[in-house]
Amino acid sequence: MGRFHDQVVIVTGGGQGIGRALSCRFAEEEAKVVIADIDREAGFETLDTIQTSGKEAHFIRTDVADEDDVEQLVQEAVERYGKVDILINNAGIGHFESLFDIDVKHFDRVIAVNLRGTFLCSKYAAQVMKRQGKGVIINIASTRALMSEADSESYAASKGGILALTHAMAVSLGPVGIRVNAISPGWIETGEWKKAGERYTPQHSERDKLQHPVGRVGDPEDIVRAAFYLASDDAGFITGQNLIIDGGMTVKMIYEE
């Protein structure tokens with residue numbers, strides 16, 4: 001029996017990248033997976049992959065920045081499966097442009113998807129979890145909440161906000177049995193987890209690998225294993241935390257040669 005047998009998991013941004021890996025792997029562990037994604041092609045492709053393997057999943061086209069979409073997502077998940085045990089707020093976009101040139105509409109869209117989307121999905125899923133008396137929320141943040149490259153203000157702000165939202169919700173929701181944690185991925189190579197038309201085989205230089213004390217670039221499976229732990233009863237005494245999964249990249253000082 002899979003470790004998440006009969007549990008209902010919503011994965012936002014579940015059609016591609018880290019989200020696709022989360023959707024597929026939770027399904028392999030016998031969870032009932034609700035794939036939420038704005039990209040129909042990616043969502044249905046991931047759904048087909050899961051169903052072809054004989055596992056249970058359902059795709060709902062969702063813009064997580066739209067409250068009506070999010071309310072419908074959770075409602076449909078409950079109508080289909082009767083409950084929500086785990087929410088993984090993975091949906092996210094980036095817009096990298098000079099601070100001097102970026103249009104506020106682009107900044108606002110990144111905040112709306114990444115931060116407001118995390119809030120909205122948590123709000124509606126938590127209502128269901130509260131009635132159940134338990135639940136788990138995992139927010140996918142980023143090491144860019146803690147360190148930056150140039151021209152990443154909107155993305156960094158959204159991910160930093162997710163970390164603050166994580167500890168705030170952990171305090172608010174703890175009394176009703178809901179644990180809330182974050183995972184901050186570093187460099188995670190998602191080329192092999194894209195939808196078919198965008199998939200590629202990654203190539204990394206030795207310098208890329210050596211930026212990481214573990215000697216390699218990250219893989220979506222690294223995030224899956226962390227999510228498995230935080231979603232399980234083994235992490236029952238953990239809430240409000242941010243688990244950095246980056247191969248040690250954020251603790252290594254790098255000087256230009």
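**Exercise 1. Contacts of Ile86**

Task: In this predicted model, which residues does Ile86 touch, not counting residues up to four places away in sequence?

Solution.
- Step 1. Collect the contacts. Ile86 touches Phe4, Gln7, Val8, Val9 and Ile10, and also Phe26, Met129, Val136 and Ala231.
- Step 2. Place the residue. Ile86 belongs to strand S4, which covers residues 86-89.
- Step 3. Check one partner along the backbone. Ile10 and Ile86 are 76 residues apart along the chain, yet their C-alpha atoms are separated by 6.4 Å.
- Step 4. Classify the exposure. Ile86 has 1% relative accessibility. The limit for buried is under 20%, so Ile86 counts as buried.

**Exercise 2. Two bridges from helix H2**

Task: Which parts of the chain does the salt bridge between Glu41 and Lys195 tie together? Then treat Glu45 and Arg199 likewise.

Solution.
- Step 1. Take the Glu41 pair. Its side chain meets that of Lys195 in a salt bridge, with 3.3 Å from N to O. The cut-off is 4 Å, so the pair qualifies.
- Step 2. Locate both ends. Glu41 sits in helix H2 (residues 40-52). Lys195 sits in the loop between strand S6 (178-185) and helix H6 (206-210). The bridge therefore ties together parts that are 154 residues apart in sequence.
- Step 3. Compare the exposure classes. Glu41 is partly exposed, at 47% relative accessible area. Lys195 is buried, at 10%.
- Step 4. Turn to the other pair. Glu45 forms a salt bridge with Arg199, and their closest N and O atoms are 2.7 Å apart. Glu45 lies in helix H2 and Arg199 in the loop between S6 and H6, so this pair also ties together parts 154 residues apart in sequence.
- Step 5. Add the exposure of Arg199. This residue is partly exposed, with a relative accessible area of 38%.

**Exercise 3. Arg61, a network and the total**

Task: What is the N to O distance in the salt bridge of Arg61 and Asp69? Which residues are joined into one network by salt bridges that share partners? How many salt bridges does the structure hold?

Solution.
- Step 1. Read the distance. The side chains of Arg61 and Asp69 meet at 3.5 Å, N to O.
- Step 2. Classify both residues. Arg61 is partly exposed, at 34% relative accessible area. Asp69 is partly exposed too, at 21%.
- Step 3. Follow the shared partners. Arg20, Glu45 and Arg199 are joined into one network.
- Step 4. State the total. The structure holds 16 salt bridges.

**Exercise 4. A nonpolar patch**

Task: Which residues make the nonpolar surface patch of about 250 Å²?

Solution.
- Step 1. Name the members. The patch is made by Leu146, Met147 and Ile244.
- Step 2. Place one of them. Ile244 lies in strand S7, residues 242-245.
- Step 3. Test that member. A patch residue needs over 30% relative accessible area. Ile244 has 35% and is partly exposed.

**Exercise 5. Cysteines**

Task: Why is the sulfur of Cys24 not in a bond with the closest cysteine sulfur?

Solution.
- Step 1. Recall the bond. A disulfide is a covalent bond between the sulfur atoms of two cysteines.
- Step 2. Recall the cut-off. The two sulfur atoms must be within 2.5 Å.
- Step 3. Apply the distance. The closest cysteine sulfur to that of Cys24 is in Cys121, 19 Å away, which is too far for a bond.
- Step 4. Run the check from the other end. For Cys121, the closest cysteine sulfur is in Cys24, again at 19 Å and too far.
- Step 5. Conclude. The count comes to zero disulfides.
- Step 6. Add the exposure. Cys24 counts as buried at 8% relative accessibility. Cys121 is buried at 2%.

Conventions
Residues numbered from 1 in each chain as written. Predicted model: local features only at pLDDT ≥ 70, side-chain atom pairs only at ≥ 80, totals over all residues. Heavy atoms only, no water. Helix = DSSP H or I, 4+ residues; strand = E, 2+ residues; numbered from the N terminus. Buried < 20%, exposed > 50% of the residue type's maximum accessible area, 1.4 Å probe, protein only. Contact = heavy atoms within 4.5 Å. Patch = residues over 30% accessible without salt bridge, like charges linked within 9 Å, V, L, I, M, F, W, Y side chains within 5 Å. Areas by Shrake-Rupley, 256 points an atom, 1.4 Å probe, with all protein chains shown as cover.
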